[in-house]
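Student: Could you take me through one part of this structure in detail? I would like to look closely at one chain and at how it meets its partner.

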Amino acid sequence: MRSSRFAKSGLGIPYALFLLLFVVAPLFVLLYYAFTNGQGQFTVQNLAAFFTSPNTIGTLAYSFALAVVTTCVCVLLAYPIAYILARSNMRHKSVILVAFVMPMWINFTLRITALKEILTVLEGNLALHPFLNSVIGMTYDFLPFMILPMYTTLMKLDTSLIEAAGDLGANPVQTFLKVTLPLSVPGIISGITMVFLPSMTNYVVLDMLYNSTYIMGSLIGSYFASYDWHNGSMIALILLLIILIFTLFTNKYSDEDEGRGGALI
Amino acid sequence: MRKTIGKLFLILMLLVIYAPILILAVYSFTDSGNIGSIHGFSMQNYVTLFTKGELRDMIVGTVLLALVSSLLATILGTMGAIGAFYSKKLAKNFINTANQIPVVNADVVTGFSICVLLIVAFGMNKESYVPLLIGHVVLSAPFVYLSVVPKLKQMDASLYEAAMDLGASPSMALRKVVIPQIMPGIVSGFALAITLSLDDYFIASYTKPATFNTISTYVVNATKGSQTEIKTALWALSTVIFLIVILAVVVMNVAGRKTTSEKGGVRNEK
């Protein structure tokens, strides 16, 4: 018995090595490049450059603004969709849910292309409303990722609690605010984790909609294009730090199994 | 009344979501170079899509990359999940934690970090496709792992013990008892890996050979260019992919319904 147990755990070795080599090691390499210069000497110059340049700080602020607005728009649109769908007694609920989620299986650059053509007809010159168009583009891209975890949480919600609130004299608005909404927080948080970070980094959406302002992702792209691995690594490291803080903060509130993977599966 | 408003809202949202894709689909069957102008019916975009060399190469390349990387990711991720499931706490925790990194990380950072490690630090040649392939496995294997782990937890452990008691070797018990039970997780993990690879832009753009393009990198380059022929051929591509997705969803639903009824509605109870 003992020997067979040993054999099975051995199956994990290739994947453990793979993760060590191609997931963990790259992070240490980033750390090395971020704190060295072209001659391989230790330096904090890259870090100082990020925090003293008005350009990079401006980029950080713009990314945050874009991510906050996009996330809010996604929450405000996705919650009613998930709520109506989860609470209704429609016969083809799951079909409608699939209809909302299906666009995410079409390549996102093609979806943004389609959106761009429509926005061009509606607005004329896209370059006149860069921020607005980027919010529209990202919402269009990320909305399904917000709907899914919200829907899952609302479906799991114990309906007897809602009935109990009604029996105890709460009106529908009170029931919603005091029972349904607090209980759907894990789903909302899961959705936020899947929308907020991509909106800070997915610069392709901005590029394709003619928004030439940089977000954090664009900085990495431009350092990559100019072979500046040291400054690029520093930006990647700063993004990692933001992601880490964000993940630690949201992990407390979200459902364990409803990260990006949970919603996709 | 409230129900009607709710339904109207859902319909309106679906219209907004599908309008761009459907309008593009309609215009892909015309000879128009712009949305809005009225033109005659034409299949030219579809002819271009399937005959122009660079478009064909890009589509074949994207699909091949998705298949090969997903296959590798599925093998690695599944083995990792089984291994971690039967491992001691320390090894299990390492795999669980490291597995989570690409999941929460931004794809830009993942792509860039793999590029810095393999191409800059190790001096690996991009043109070998190895960095690209590794990048896509890093992108998707963690999701295979995450879809297999719950199936292992749900698995009836006594069946494995019974197989061993009845004289099966550990590897035979694994193949005949464990694998069949976690198969749904492996299959959905593979499907997930395919969609992640097909949708990826960032990993590919940091690790791909200079002249190789996936659909994403090709489309992004094409929007910067001014070739109308390519632009409208991509409308046709978008339409073809949309139809494939609809077909896949219908097939999966029919197959899903079949297994659900066979298992007596186990899924509904969950």
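Tutor: Happily; what follows goes from the chain as a whole to its partner and then to single helix pairs.

This is a predicted model, in which local features need pLDDT of at least 70 and side-chain atom pairs count only at pLDDT 80 or more, while totals for chains, interfaces and linings use all residues. Residues are numbered from 1 along each chain as its sequence is written, and chains are lettered from A, with ligands numbered from 1, in the order in which they are written.

Let us start with chain B, which has 12 helices and zero strands; here helices are DSSP runs of H or I with at least four residues, strands are E runs of at least two, and both are numbered from the N terminus. The C-alpha trace of chain B spans about 75 × 65 × 35 Å along its principal axes. Of the 270 residues in chain B, 40% are buried, that is, they have 20 or more other C-beta atoms within 10 Å of their own, with C-beta atoms placed from the backbone (12 or fewer would be exposed, and anything in between partly exposed). Among contacts in chain B with a separation of 6 or more, 73% join residues 24 or more positions apart; two residues are in contact if their C-beta atoms, placed from the backbone, lie within 7 Å.

The UniProt record, an unreviewed entry, lists "domain: ABC transmembrane type-1" at residues 59-252 of chain B. UniProt positions are given in the numbering used here, feature names are shortened, and annotations may be inferred rather than shown by experiment. In the model, residues 59-252 of chain B are 84% helix and 0% strand, with end C-alpha atoms 23 Å apart. UniProt (unreviewed entry) also places "transmembrane region" at several stretches of chain B, including 103-123 and 177-198. Residues 177-198 of chain B are 100% helix, and their end C-alpha atoms lie 32 Å apart. For residues 103-123 of chain B, the helix content is 81% and the end C-alpha atoms are 26 Å apart.

Now for the partner: 69 residues of chain B are in contact with 68 residues of chain A. On the chain B side, the elements giving two or more residues include α1 (2-28), α5 (107-121), α6 (130-154) and α11 (228-262). The largest share, 11 residues, comes from α1(B). By class, this side of chain B has 53 nonpolar, 15 polar and one charged residues, where Ala, Val, Leu, Ile, Met, Phe, Trp, Tyr, Cys and Pro count as nonpolar, Asp, Glu, Lys and Arg as charged, and the others, Gly among them, as polar.

Within chain B, look at α5(B) and α6(B), whose axes come within 10 Å and cross at roughly 140°. Axes are lines fitted to C-alpha atoms, for helices over the stretch in contact, and angles run from 0 to 180 degrees between N-to-C directions. That crossing angle is why α5(B) is oblique to α6(B); angles under 35 degrees count as roughly parallel, over 145 as roughly antiparallel, 65 to 115 as roughly perpendicular and the rest as oblique. Among the residues making the contact are Gly111(B) and Ile114(B) of α5(B), with Gly135(B) and Val138(B) of α6(B). The residues of this contact divide into eight nonpolar, three polar and no charged.
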